[in-house]
Amino acid sequence: MFAPYEDKKASFLDEKKSARFNRQEEIRREQSATKIQAVVRRFLAVSSLRKQTQGDLQSLIGWAREVSPTSSPDKAKFAPAVTVFKATEKFLYFFDQRKDDVMFQTLCRYILASMEVEGDSKIWYVSLALSKEHVLPWIQQMKKLLWQCCCYLKTLRPDNNDQSKLVSLYLNMVVIFTDTTTWKVLKIKGSEALRPGMNQLCANLLGHLTSKDLYVILQALLKRGLERSQPTLKRAALAAIVTISMRPLISTQFSQHLLTAFLVHILSLPGLILHLSTIAEQTLLLFRNNNVLEKSIRLLEQEQNIRIVFNSLEGSYSLCLLANMVQLAYLQLDMLPVIMEPFMGVVIMLLSRCQSYVQNKQSSLTHWHPVLGWFSQRINPTLNEAMPNVVKQLQLLWARNMVKQLFSEVLRFKPMAGTPTSETPETAPVKKAFKKALQKSSVKLKEMRSAGGRKLDSPEVLSVCHVCVLYQSCLKTLTQLKLDILTGLCLQEDLLSKLWGFIDELGPSGGLKLFLESLNSDTEQSHQLFAVLSLSCDCGSHIVAILDDMELYEQQKPFKLEELVKISSFLNAFAFRLLWDGIYDGKNRHTSLFHSVHTFLMLLYDRDCRRRFTTAGHWLIKELKPSTLVSELEKGKRRALLLLHMMPHVIPHKDRVILFRRFVTDEKKALGIIENECASPKPTLITVHRSRMVEDGFQQLALLPPQALKGIIRVKFVNDLGLDEAGIDQDGVFKEFLEEIIKRVFDPSLNLFKMTSGEERLYPSPTSYIQEDHLTLFEFVGKMLGKAVYEGIVVEVPFASFFLSQVLSHHHSALYSSIDELPSLDPELYKSLTFIKHYIEGDVRDLELTFSYAEDVMGKVVTHELMPGGRAISVTNDNKIAYVHRVAHFRMHTQIREQTAAFIRGFRSIISPDWLMMFAAPELQKLISGDNMEIDLEDLKKYTQYYGGFHPAHRVVIWLWDILAKDFTNDERKAFLKFVTSCSKPPLLGFAHLEPPFCIRCVEVADDQDTGDTVGSVLRGFFTIRKRDPVNRLPTSSTCFNLLKLPNYQKKSTLKEKLRYAISMNTGFELS
């Protein structure tokens, strides 16, 4: 019964609720409308007022919109400064940076123009600072104006022409109102007393700007203008930026905080000082007059301060800071001595900080830096554009004048008196031009006594050590400028020579003893000493690698030959101790030192091998006993292996050859290819026609695996009638086959190899491609020569030294110079290139050369470009060195690259590269062709075997040895040896190692009737029973068996006559 009542009640409540909501909404709408109207009215009022204030200001300054900085506007156009000030106050109240930029520009132009008006102080905008009523609001207004100028500078780009003008405008505003120098109000008579107060006012404005990151804004502007190959900032803008950045420092007397900010934000910009020196040189006077360099150095020499600076900078900007400081120092070389030590310390610390980001190799976390190499920080691409400018600045650190200043103690160095030397024996024949110098220089360091006497704690020694540490830090950090650094140091006349003289006199007993003693200490002093040695070696390696023979041996620059002898002795002894005493292991702190010493040492050794400047035995270490070395090698001792690998020259050549033969024997045992009572390895059998020896040998041996080639090979000869020749191959026939095939393939008429134009030595023919499968044939030739060396068979094949260097892989060394070995290929071309290198009569361009090389190839002139587009690139004084080296490299490497690679591939398949590393190029030639020394007849007689009735006491045998010893010349003895063994040179290890042993057999009949050692022939020969005097017969030989067949002559004179005739006519060489 209450249902209708409840429904009415609910409806009534809903109506009231809805009415209340509507009333509230109405109220809100009315309030919102009121607020909107208020905002609109306010906006309209403000807009109107803003428009009015702008109109008022426009009416005062509008004409200044088109004023140029150089124009002189009419004084009548200017309003009183106080009027403009009040209008500006209103303008700034309504100021919008985005909308009011044009008006702000006009205002700045007007204010600057007002400061130039002559004779009316009421117009000068700065005159308000003299009014007690207006000074405080004027200061506040100027702070706003100047800061607003800085805000605009933050976004402007100097590379845009219109924006560049605005940059100059805003910078000029800051420049004018932060210094009183140009204020005309202070030039009025009697106003000088106001200057301190005005200076304080400027300092106030500067303090406000610096507190609001003035340096950050200037840094951003400089980055946009300098981080590119050519600066986009104009001279006036760049000068203004530097001037503004310097003023806070000067006003605060270089407070530590502001100086740090200046270094981090301004002096760390790429090429700043370089651009100032070229387009705004006057600005540099600010740096000089205020001793900015010295104050910066004094700040940074404290570890904490340099850490703050470096932590605020990326690695690349630290490098830019270093570059700018280096150029400042170079521009103030006269002031450098005062801060020499702290300057070097700061440079070293900055380099070490940069080095902490340098990586040894590429990875996913590294980036390529054009100066530092692989870098662990990301590189700004725009900064990379400016790196060439940074490099130009860094190069001043090793420029001639800087090096002269830093190394002044060394360059003043004079050797201390009392360095006795001992006389040395005559060396092997050398050119007369330096024979006298050679005799003076041939003194081992062990036989010399260094003067010594320079105390390690003396100022000059400490200074030199510090300089060397600096340049060593440069080499380790500025990895992409290493060659440039070394070149700069080497160009300083007499520096290297005097630096080595300085090293020799360090300590009480001379340099070597001091450095050896320092190896076991880990002190700051020892590190500095080793920096001196490392730098000397690095520079020495660099300069010696690029010197030609004329410069090194005849002009003797930068080292005299006697100095090179002494240096090489020092390095040899020092490097040996590092290895033999186990100090160097490739991983410890001496690794870098050893590499520097070893590189220079081996470079000198290689030059000495090509052209001697030392005496025999100079490179040997007398305390090293070969037996000890062999024992340690058998035990696998690391020091012995390292010594054999890195310094084999300290071991006598004969002992290295014995080691080589030992290695071969050990390998044969391991491969099971040595015949003995317990084992008889299966030989490889080949059949060869004498008329097709090369073809048959190539066909049957070329495809054999290296292991089979190292094994036993038996040869069956087939004569011209197609019949097998009689005889059993017990190595002798194979020896003849090997000698004959090598003789034929190296014959220049086959065009696989050519003769050099000078010494007539062999090298691969550039036109060998006319032969079918010429590269496969070269590989086969390499295998055959390798087999001869492997078996100890001496073959007379004279190679050009440059080709042997390639076989030994010396040309892969970073310090290998093609021009050095060019004389071994073409002496005339070498003379021509040397003439070009030393051409000083004018510009090489006059010779009309290009980077190309023309040659006659089978009657046709072919031109090769030495570099892409080389025909169009002229040779000039600037690039002539590159041209000389490119020509030499082309002739000795490019032309025969494929042939050489194929030959080496074949040769090394038989001879291990590790074994070859024991020998230099001339020693490898001896290994192939035997020694050039005189034949030791007593040694030959000792290992001679006799057959057919001959014995050591037989009269014919006695006559033979007497004739060889007393009647034959050395050349005739060589001809005799070639007659019986096919090679005029004795084996390297003596005739005990001649295989097969030399034999002399008595024969009574012609060779075609000879049946060997019958009982009758042996008895008749042994008892010298005369059947008849064989005066019509000549001695003959079988070179494959090293056998001399000698008739039983009845007179010594007959033997001498027939033997001399036989060897001169080269009779014999057949198989018995």
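Reader: Which residue in β12 is the bridge partner of Ser1037?

Author: This is a predicted model. Look at β11 and β12, which run antiparallel and are joined by 3 bridges. Strand β12 covers residues 1043-1047. There, Ser1037 is partnered by Leu1044.

Reader: In what order do the 4 strands of the open sheet stand?

Author: Strands of a sheet can pair parallel or antiparallel. Here the pairing is mixed. The order is β9-β10-β12-β11.

Reader: Why is one side of β9 and of β11 left without a neighbour in the sheet?

Author: Take β9 (945-947) and β11 (1036-1038). Each has a single partner strand, so one side of each has no neighbour in the sheet. The reason is their place: both stand at the edges.

Reader: How much does the sheet twist from one strand to the next?

Author: The figure is an average over steps from one strand to the next. It comes to 25°.

Reader: Which helix lies across β9, β10 and β12?

Author: Strand β10 spans 999-1003. The helix crossing these strands covers residues 955-967 and runs at about 115° to β12. It is α43.

Reader: Which helix gives the most to the largest nonpolar core?

Author: That core holds 311 residues, and Phe407 and Tyr471 touch the most other members. One helix, residues 561-580, gives 13 residues to the core. That helix is α26.

Reader: Which residues does Phe407 touch, not counting those up to four places away in sequence?

Author: Nonpolar side chains tend to be buried together in soluble globular proteins. Phe407 belongs to the largest nonpolar core. Its contacts are Val467, Cys468, Tyr471, Leu489, Leu495, Leu499 and Leu535.

Note on methods. Residues are numbered from 1 along each chain as its sequence is written. This is a predicted model: local features need pLDDT of at least 70, side-chain atom pairs count only at pLDDT 80 or more; totals for chains, interfaces and linings use all residues. Side-chain values use heavy atoms; hydrogens and water are left out. A nonpolar core is a set of buried Ala, Val, Leu, Ile, Met, Phe, Trp, Tyr and Cys residues joined through side-chain atoms within 4.5 Å. Buried means under 20% relative accessible area, exposed over 50%, partly exposed in between (1.4 Å probe, protein chains only). Helices (H or I, at least four residues) and strands (E, at least two) are DSSP runs, numbered from the N terminus. Contact means heavy atoms within 4.5 Å. Two strands pair if DSSP finds at least two bridges between them. Axes are lines fitted to C-alpha atoms, for helices over the stretch in contact, and angles run from 0 to 180 degrees between N-to-C directions.
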